[in-house]
Structures are given as structure tokens and as C-alpha cells.
Amino acid sequence: MSDEASKKESKVEAQKRGSRHLRGTIKEVLAGPATHFDDSDANILKFHGSYQQDDRDERRSLRDTGMEKAYQFMVRVAIPGGSITADQYLALDRLADSHGNGTLRVTTRQGFQFHGVLKGALKETIASINHALLTTISACGDVERNVMACPAPLGDEAHRVLQETAREIAIQLRPASRAYYEIWLDEEELVHTQETEPFYGETYLPRKFKTGIALDTDNCVDIYSYDCGLIAIVEGGRVAGFNVVVGGGMGMTHGKADTIARLASPLGFIEPGHAVEAVKAVAAIFRDHGNRADRRHARIKYLIHEWGMDRFTEEFQRRVTFRLSPWRPLPPAAYHDHLGRHAQGDGRWFYGVFIENGRIADRDGARTKAALKEIIETHRPRVRLTPSQNILLADLTEPQIEAVVETLGRYGVKRVEELSAARRYAMACPALPTCGLAMSESERLMPSVVDAFEAELAALGMRDVPLTLRMTGCPNGCARPYTADISFVGRRPDVYHVFVGGGLGGDRVADLFAEDIATDQLVPTLRPLLTKWARERRGDESLSDYYQRLIGHPQRRQYVTGSETATARTLSLTVLP
Ligand code: HEM
Ligand code: SF4
């Protein structure tokens with residue numbers, strides 16, 4: 001155990017140990033009149049796929065009138081590879097109306113979230129999700145989280161292997177505890193001492209553990225941002241094996257030099273049949289050596305940062321039954337958002353629908369929820385969620401594709417051809433009013449920030465040049481801001497740190513470009529850089545490639561710390577003509 005990890009354990013460790021394999025007193029509190037759970041149960045509830053939250057728009061007025069917070073719950077469905085049936089989608093759509101706030105949110109990790117679920121409706125919500133043959137187990141909590149994979153529903157073997165591998169890893173790393181079934185599905189209660197948790201043990205992992213699977217030619221899952229990533233090497237249409245990367249993670253804390261957003265490092269190459277064993281070995285190293293004293297340092301990226309890759313590789317090799325092979329060279333990182341119309345290669349078609357910030361809702365101008373419901377009821381496509389918060393409708397015939405496009409138009413949902421690049425690739429985390437950690441707006445503000453950048457870029461003749469804009473309400477990084485071309489990370493209400501220099505490929509960390517910028521100054525702060533880029537770019541050079549060339553550090557940067565200050569070099573860009 002590292003020095004750090006041997007310090008006094010955090011209170012969450014004791015809560016896990018005392019929870020009798022994730023039971024706590026959740027069942028009892030659910031049956032009682034309280035509007036919410038205590039801290040310990042709320043932490044255990046995360047393993048069941050739910051965060052206790054409160055409506056932050058209401059906080060002040062409730063406090064001023066001496067009332068309790070407006071408690072409510074976020075419920076997250078874990079969907080390995082992001083693939084569900086038409087019936088499952090329709091069940092979730094109904095639940096959003098009957099038990100949530102009338103919206104569904106596609107997450108950046110291929111799950112669905114419900115917001116605004118009241119405690120009295122929590123059990124029925126989770127039970128109904130299970131009746132639709134979906135689950136919320138391990139969607140949150142200190143375990144293997146939802147396992148991601150490229151969702152493109154292509155008929156080739158590589159895409160099929162990716163989906164199957166994601167499902168297999170998810171099954172193999174699920175907690176063994178029956179607590180979930182007892183609490184939400186009324187399974188008869190076990191005496192928990194009859195139960196073992198063979199992989200996780202009594203205290204599960206030190207914190208969350210995220211796995212994704214990408215293709216060598218498509219990094220749509222942003223593979224370098226996870227604890228463990230598999231990159232499929234495709235040869236002659238078959239998956240020859242996987243390059244494994246370890247130690248990525250986005251979350252950091254403002255002002256803390258010892259917190260980092262880090263890209264995953266190359267470990268080596270493995271055969272396809274060793275994928276589950278490899279991921280399990282990486283998770284087991286984290287389980288046994290991760291920091292259990294300070295949750296801010298409890299990610300495998302810190303262990304790797306401290307150990308170095310040589311020691312980590314040795315430990316990995318010691319734990320697996322096969323020999324790790326040398327890393328295989330990769331083509332330049334590419335990215336596909338899968339939007340619009342595509343042939344699947346099996347005579348069918350899929351259509352990628354743009355969902356602004358992943359929020360499926362009926363709003364003025366665009367009735368996305370109603371449009372998807374009508375399309376899915378009528379044509380019964382398979383539904384896939386993308387890591388960029390969009391929806392793919394799969395297994396359609398050509399005439400059905402025409403009908404889909406017509407329906408989207410009728411409900412005011414923008415087709416991909418109508419989107420500027422700035423809007424198409426933008427992402428924002430939920431932040432206010434639901435997220436307890438948000439320091440500023442994100443999802444609610446982002447559309448207007450995109451409007452402003454869209455206008456600026458159009459004026460420069462750059463409307464259709466691919467560019468990623470991302471926003472988060474705090475530095476935890478749920479919308480992966482540190483790998484974007486440009487991102488805004490919340491500092492306090494209406495004030496953001498601005499990062500520049502990542503890119504669509506996801507293999508480069510952005511620099512802190514400007515600090516403490518007010519919302520109305522975001523465009524003016526970036527205008528000189530955008531203008532220079534438009535004028536001086538070589539060929540189809542992206543904003544970040546141009547920026548990296550300009551400041552003269554073209555190599556990949558592996559991490560950025562929470563206490564970085566914008567460098568004189570990057571700041572000087574803002575004043576250059
Ligand atoms: C490190 C500290 C982090 C904490 C404490 C944290 C906590 C949270 C919380 C409380 C929410 C719920 C917000 C809401 O829906 O109201 C959330 C959402 C989410 N987080 Fe995180 N998060 C962290 C980092 C990350 C990172 C690094 C990723 C992925 C790269 C991530 C992925 C997500 C996703 C996919 C959602 C759902 C909403 C969305 O798609 O934007 N989180 N997180
Ligand atoms: S980035 Fe921060 S504000 Fe946004 S959802 Fe994640 S934890 Fe909440």
C-alpha cells in the first residue's frame with residue numbers, strides 16, 4: 001500500500017464496510033415517511049444507481065422560509081455499449097413522465113438519467129427500469145461503472161466484438177451482493193453473512209472505475225479519459241486484439257496542485273480473449289493499492305502517477321495468466337459522432353439524431369421527446385446512445401429513414417445538415433439545478449454560449465470546421481472538458497476557466513488558457529485566437545493543432561493540474577493582432 005493509502009481511511013470506507021454489502025438502512029428508510037436518506041445511506045444508494053439531490057433553484061427561498069430542501073433523486077440506467085430495444089426506450093420515456101421531471105438525459109457515458117424523482121417514487125422507478133430488463137446497478141458508486149463501447153450499429157465483426165466485450169466486462173464486474181434485488185425487487189432477504197463479495201470484498205473499490213472500448217480508427221468513446229481503455233486493433237475485418245491504456249481521468253479540484261486531469265497511458269497489447277481478465281486485473285490493482293484515505297486522490301490515475309508505468313506494468317503482469325505483448329502502433333486518432341444517415345452494411349440503415357446536451361425534452365422550437373417517441377413507436381428501431389450524448393436509430397429500411405427525417409422536421413428537431421460544427425460537437429454536463437457539486441450553470445447556459453460562438457465562427461468563415469466546445473459546472477469534468485478544443489469549467493456563478501488545445505481525437509490535454517472569465521467575456525477572450533486561426537491555419541488544421549503549433553508544444557501533454565495558471569504564452573495570444 002502506498003504511504004498515502006495507508007493513512008486513516010475516509011468515512012465512506014467505514015460506511016461501505018458497515019453497509020452489509022450495500023444494504024445499509026435503505027429498505028427501512030424507503031418504507032418510512034422521511035423525504036431523504038442520511039449521509040451513509042445516500043452514499044450506499046449510489047451503488048444502486050441513484051444520487052440524492054435537491055432542487056438548487058429552490059434552496060434559498062426554502063431556507064429563508066425555514067423549510068427543508070426540496071429533496072429529489074437522480075436515477076441512472078447503466079447500459080453497456082449503450083444499446084437498448086425500442087420497447088425499452090419507450091418504457092423509459094413513459095417513466096420520465098410518470099416518475100421524473102418529464103425529460104430523459106443521454107449521458108456522456110452511454111447511460112440514461114432521470115432527474116427529479118421523489119423519494120416516494122424511487123422504488124417504483126428502479127423496479128420499472130428492471131421490468132424493462134434494464135438496470136441501475138453500478139451506474140454510480142465505487143465499482144466498475146457503465147462499460148462503454150463504440151455504438152455504431154455496423155454489421156461488421158469488429159463492432160459486434162466491441163459490444164459483446166463491453167457486456168461481458170459489465171457482467172463479470174457486477175457486485176455479487178443481492179442487496180439490489182432485495183431492496184428494489186422484493187427478493188427475499190439473505191442473511192448477509194451467507195453472502196460473499198468475491199471480487200470487491202467488504203469495501204468495494206476506493207472509488208469509481210471507468211472502462212471503455214474504442215476502435216483503432218474511431219475514438220468516439222474518448223478512450224484516454226478512462227481508468228482502463230481497450231483499443232481494438234482490426235486486421236482484415238477481425239479484432240486481432242486490444243491495446244490497453246490505463247490511468248485516465250478527468251476530475252480535479254480548483255486550486256489543488258495535487259489533483260490532475262490525466263490521459264491514460266499505454267500498457268501493452270493483449271489477445272481478444274484476455275479482455276475481461278485484463279480489465280479485472282487493473283481494477284484489482286486499484287482495489288488493493290488505491291488511496292482509501294482521501295477520495296480526491298482515490299483514482300487509479302494517482303496510483304500510476306505515483307508508481308510510474310514500469311512498476312504498474314510489473315504488478316499487472318504478476319496478476320494475469322498471459323504475457324502482455326508490446327503496444328501496437330495506432331493510426332492518428334480519429335473521431336466519428338455517427339450523426340445522420342449511414343448504411344449498416346447488412347442492407348439496413350441507421351440514423352444519428354442530434355440531442356442538444358443529451359436532454360430529450362419537449363421545448364419551444366424542438367419537441368425532441370415527442371419526435372423520438374413517435375418514430376420509435378412507429379418504426380421500432382434498436383436505439384443506441386453515443387458518448388457525445390446523441391441517439392442512433394438502427395435497423396431501419398431506406399423508406400423508414402425518409403420517414404424518420406420527415407418526422408424530425410415536423411417536430412422541429414434539427415437534422416445534422418442544419419447544425420453548425422460548434423453546435424454539433426458541443427457538450428455540457430447537467431450542473432444546476434440538480435447537481436450538488438455545481439458552482440455555475442452548464443447545460444442551461446450552453447445553448448446561448450454556442451449561439452455566440454456559432455455567430456463568431458460564421459463571421460470568420462469557419463462555421464463548418466469541426467471544433468469541440470464543452471462546458472461543465474465544476475472541475476470534476478463530467479462532460480470531458482480537458483480533452484476538448486475549447487472548454488469552460490465553472491468557478492463560481494457566471495465565471496469560468498477557459499481551456500484550449502485538446503481536440504476531437506481525445507489524445508491531448510488542453511491548457512488553461514484564461515482564468516476567471518465572465519460569461520459575456522467568453523467570446524471576446526477567444527476572439528483573437530479564433531481570428532488568427534482562421535487567417536493562418538495551414539490546410540484543414542484544427543483550432544487545437546493550430547494553437548499547439550503557435551505555442552510550440554506539439555507533443556501530447558498528459559495531464560493538467562488544478563492549480564495551473566494560464567501561462568504568459570497562452571495569455572499573450574489574446575493580445576496579439
Ligand atoms: C471526479 C469527480 C466527479 C464527481 C464527484 C462527479 C459527480 C457527478 C454527479 C453528482 C453527477 C450528477 C449530476 C446530475 O445529473 O445532476 C454527475 C453526472 C455525470 N458524470 Fe460525473 N462526476 C465526476 C467526474 C466525472 C467524470 C470524469 C466523468 C466522465 C468523463 C463523469 C461522467 C458523468 C456523466 C456521464 C454524468 C451524467 C451526465 C452527463 O452526461 O453529463 N463524471 N457526476
Ligand atoms: S461536472 Fe461538476 S457540475 Fe457538472 S455534473 Fe459533474 S459534478 Fe456536477
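Let me start with A232, which, leaving aside its neighbours within four places in sequence, is in contact with A158, V161, L162, I213, L215, D216, V239 and F242. I should say at once that this is a predicted model, and that the mean pLDDT of the chain is 95, with 97% of its residues reaching 70 or more. The stretch to treat with reserve is residues 1-5, where pLDDT stays under 50 and for which the model has 13 contacts beyond four places in sequence.

Coming back to A232, this residue belongs to the largest nonpolar core, a set of 164 residues in which A232, V246, V282, L393 and V498 touch the most other members. Which helix gives the largest share of this core? That is helix 9, residues 275-289, which contributes eight residues. As a general remark, nonpolar side chains in soluble globular proteins tend to be buried together.

Two of the contacts of A232, namely I213 and L215, take us to strand 7, which spans residues 211-215. Strand 7 is part of an open sheet of five strands, arranged in the order 6-7-8-9-11 and with mixed pairing. The edges of that sheet are strand 6, at 148-149, and strand 11, at 265-270, each of which pairs on one side only. Strand 6 runs parallel to strand 7, and two bridges connect them; in this pairing, M148 has G212 as its bridge partner.

Another core residue from that list, L393, leads to a separate piece of pairing, because I would like you to look at strand 18, where V383 stands opposite L393. Strand 17, residues 382-385, and strand 18, residues 391-396, run antiparallel and are joined by four bridges. Between these two strands the hairpin has five residues, and within the hairpin Q389 takes a positive phi near 65°. On strand 17 there is also a pairing with strand 3, residues 83-84, again antiparallel and made through two bridges, in which S83 has R384 as its bridge partner.

Let me now set two residues side by side, V77 and D186. Is V77, which lies in strand 2 at residues 71-77, buried or exposed? V77 is buried, because 27 other C-beta atoms lie within 10 Å, and the cut-off for that label is 20 or more. Not counting residues up to four places away in sequence, V77 touches L92, G111, F112, I129, L134, T136 and A139. As for distance across the model, the C-alpha atoms of V77 and A459 are separated by 41 Å, with these positions 382 residues apart along the chain.

D186, by contrast, sits in the loop between helix 8, at 179-185, and strand 7. D186 is exposed, because there are 11 other C-beta atoms within 10 Å, where the label requires 12 or fewer. The C-alpha atom of D186 is separated by 38 Å from that of S442, a residue 256 places away along the chain.

Finally, the ligands. Around ligand 1 there are 22 residues, of which T107, M250, G251, T434 and C478 are the closest, and by class this shell has nine nonpolar, eleven polar and two charged residues. Ligand 2 is surrounded by 13 residues, with C429, C435, G473, C474 and C478 coming nearest, and its shell has eight nonpolar, five polar and no charged residues. You will notice that C478 is listed among the closest residues for ligand 1 and also among the nearest for ligand 2.

Notes
Residues are numbered from 1 along each chain as its sequence is written. Chains are lettered from A and ligands numbered from 1 in the order in which they are written. This is a predicted model: local features need pLDDT of at least 70, side-chain atom pairs count only at pLDDT 80 or more; totals for chains, interfaces and linings use all residues. Two strands pair if DSSP finds at least two bridges between them. A residue is near a molecule or strand if its C-beta atom, placed from the backbone, lies within 6 Å of it. Ala, Val, Leu, Ile, Met, Phe, Trp, Tyr, Cys and Pro count as nonpolar, Asp, Glu, Lys and Arg as charged, and the others, Gly among them, as polar. pLDDT is the predictor's confidence in each residue, from 0 to 100. Two residues are in contact if their C-beta atoms, placed from the backbone, lie within 7 Å. A nonpolar core is a set of buried Ala, Val, Leu, Ile, Met, Phe, Trp, Tyr and Cys residues joined through C-beta atoms within 7 Å.
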